[in-house]
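Trainee: Could we go through a structure together? I would like to learn what the words people use for its parts rest on.

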Amino acid sequence: MKAGYLVITELFLPTKGGTAIWFDEVYRRLGGKEIAIVTAAVPGDAAHDIDHPNTVHRVALRRVPWLKPESLGMYATLFARSILLALRQRFGAIHAGRALPEGLVAWAVARLTGRPVVVYAHGEELTGWGRGNKYKVMCFVLQHADRVIANSDFTCEVLAGMGVSRERIVIIHPGVDIERFRPGLPFQDLRDSIALPHGARLLLSVGRLSRRKGFDTVIRCLPTLRAAGRDVHYAIVGIGEDRAYLESVARDAGVHERVHLLGHVAMDDLPRWYNACDLFLLVNRDIDGDTEGFGLVFLEAAACGKASIAGKAGGTGSAVLDGITGIRADGDDQAAVAEAIRRLLEDGTQLDALARQAMQRARGEFAWDAVAIRTRAAL
């Protein structure tokens, strides 16, 4: 058997989220059973793993309140399973999904077995820790990794600021399933399901309902667009702690009938919602270091042939090329966001050009096969 990789990641399908998708899609393309994935046991994992090309090892990862730190049990569980596998099979390298907790475990296993260690960095997990002990441990792990894979130019700069040698950093953007996310899917039933009037324009956002995503900013833009004569509705796909807050923002703005909080949607319906919208947007912002590291949803929208408006914070500039595949606007500037929406909805020629270029870029640069090729070259 050829030397594979030992991949330690808390996040892996069927866990939801861009990081879980990224690791599943890439490693199934990098090899077969010689690649071992150590990851969290989650509901539905048995059905997912049964036909997976890699060897998936599930462990129970729980935080224990009486332990200091609470995550100590997670570190011990990951280390125990990982070192056992590394002693049984000679891997080419040890890979970690993040600096903490996986990266520290991977570094220890790699050094004990004489293997190189590769750590992924996503941006948002690097900027929200302050400068305490966790941040110091994260810096240690990243500075001592043999290779760090950054998901965006923004993340690369954050890593450099943490003392990581630029020679050890390689930028590899995540990808998108261009067979699942594509234009031409039927969507009229979705527009009908929210009673969208004929001729109305639909804005769409997808993401966890958290404050940094900027959903509230878009909602507050709707009265301005309405006053300008634009019949605009806003649909949001996602769940999270801010649902009640967003509902109150919509009521206070007098646009509650134009805001559609869709919650979780069926897997097959998500690409159809992208097709159903006229414009995708996620005007993210930085809140106390909590920021967007890249923005996989922008690639999903682009692959479906939609232009995007992104915020200027974090790493969205790698996902949305300003003036080429969409527009970037300050997520804290409501007037700037409203003007960007108005301009694109009124200028069909520009909107179509951005959408066309976004789709070409997504399908050419961000197909998972292309991401896997770049990853293999970097390892």
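Here is a conversation about how values and cut-offs lead to such words.

Mentor: Gladly! Keep in mind from the start that this is a predicted model.

Trainee: What does the UniProt record say about residues 17-180?

Mentor: The unreviewed entry annotates residues 17-180 as "domain: Glycosyltransferase subfamily 4-like N-terminal". In the model, this stretch is 45% helix and 16% strand, with its end C-alpha atoms 16 Å apart. The same kind of record, also an unreviewed entry, gives residues 188-359 the annotation "domain: Glycosyl transferase family". That span is 42% helix and 17% strand, and its end C-alpha atoms lie 21 Å apart.

Trainee: Why is threonine 155 called buried?

Mentor: Buried means under 20% relative accessible area. Threonine 155 has 0% relative accessibility, so it counts as buried. It lies in helix H7, residues 153-161. Leaving aside neighbours within four places in sequence, threonine 155 is in contact with Ala121, His122, Gly123, Leu126, Ala150 and Gly293.

Trainee: What makes the pairing of threonine 155 with asparagine 151 a polar contact?

Mentor: The cut-off for a pair of N or O atoms is 3.5 Å, and one atom must be able to donate a hydrogen while the other accepts it. The side chains of threonine 155 and asparagine 151 make such a contact at 2.6 Å.

Trainee: How do you know that threonine 316 is buried?

Mentor: By the same step: the limit is under 20%, and threonine 316 is at 0% relative accessibility, so it counts as buried. Its place is helix H13, residues 316-319. Its side chain reaches the backbone oxygen of glycine 311 at 2.7 Å. Beyond four places in sequence, the residues that threonine 316 touches include Asn284, Phe298 and Arg328.

Trainee: And what makes glutamine 360 exposed?

Mentor: Exposed means over 50%. Glutamine 360 has a relative accessible area of 53%, so it is exposed. It belongs to helix H15, residues 348-365. The C-alpha atoms of glutamine 360 and leucine 85 are 42 Å apart, with their positions 275 residues apart along the chain.

Trainee: Why is helix H12 described as largely enclosed by the rest of the structure?

Mentor: Because eight of its eight residues are buried. They are Leu296, Val297, Phe298, Leu299, Glu300, Ala301, Ala302 and Ala303. Just after H12, glycine 305 takes a positive phi of about 85 degrees.

Trainee: Which residues touch the most other members of the largest nonpolar core?

Mentor: Leu203 and Tyr274, in a core of 69 residues. The largest share of this core, seven residues, comes from helix H12. Apart from it lies another core of 40 residues, among them Met74, Tyr75, Val105 and Leu126. In general, nonpolar side chains tend to be buried together in soluble globular proteins.

Trainee: Why are cysteine 277 and cysteine 304 not called a disulfide?

Mentor: A disulfide needs sulfur atoms within 2.5 Å. The sulfur of cysteine 277 is 8.3 Å from that of cysteine 304, its closest cysteine sulfur, and therefore too far for a bond. Cysteine 277 is buried, with a relative accessible area of 2%. By this rule the count comes to zero disulfides. Cysteine 156 is in none either, as the nearest cysteine sulfur, in cysteine 139, is 15 Å away.

Trainee: Where does helix H9 bend?

Mentor: At cysteine 221, by about 25 degrees, and proline 223 follows within four residues. The buried residues of H9 include Phe215, Ile219 and Leu225. Among the elements covering the buried residues of H9 are strand S8, helix H10 and helix H14.

Trainee: What is special to note about phi in alanine 195?

Mentor: Its phi is near 55 degrees, a positive value in a residue other than glycine. Alanine 195 sits in the loop between helix H8 and S8, and at 59% relative accessible area it is exposed. Aspartate 288 also has a positive phi, near 55 degrees. It lies in the loop between S11 and H12 and is exposed, at 77%.

Trainee: Which peptide bond leading to proline 101 is cis?

Mentor: The one from leucine 100, with omega near 0 degrees. Proline 101 is in helix H4, residues 99-113. The bond from leucine 13 to proline 14 is cis too, with omega near 10 degrees.

Conventions
Residues are numbered from 1 along each chain as its sequence is written. This is a predicted model: local features need pLDDT of at least 70, side-chain atom pairs count only at pLDDT 80 or more; totals for chains, interfaces and linings use all residues. Side-chain values use heavy atoms; hydrogens and water are left out. UniProt positions are given in the numbering used here, feature names are shortened, and annotations may be inferred rather than shown by experiment. Helices (H or I, at least four residues) and strands (E, at least two) are DSSP runs, numbered from the N terminus. The bend at a residue is the angle between axes fitted to the seven residues ending there and the seven starting there. Buried means under 20% relative accessible area, exposed over 50%, partly exposed in between (1.4 Å probe, protein chains only). Contact means heavy atoms within 4.5 Å. A nonpolar core is a set of buried Ala, Val, Leu, Ile, Met, Phe, Trp, Tyr and Cys residues joined through side-chain atoms within 4.5 Å.
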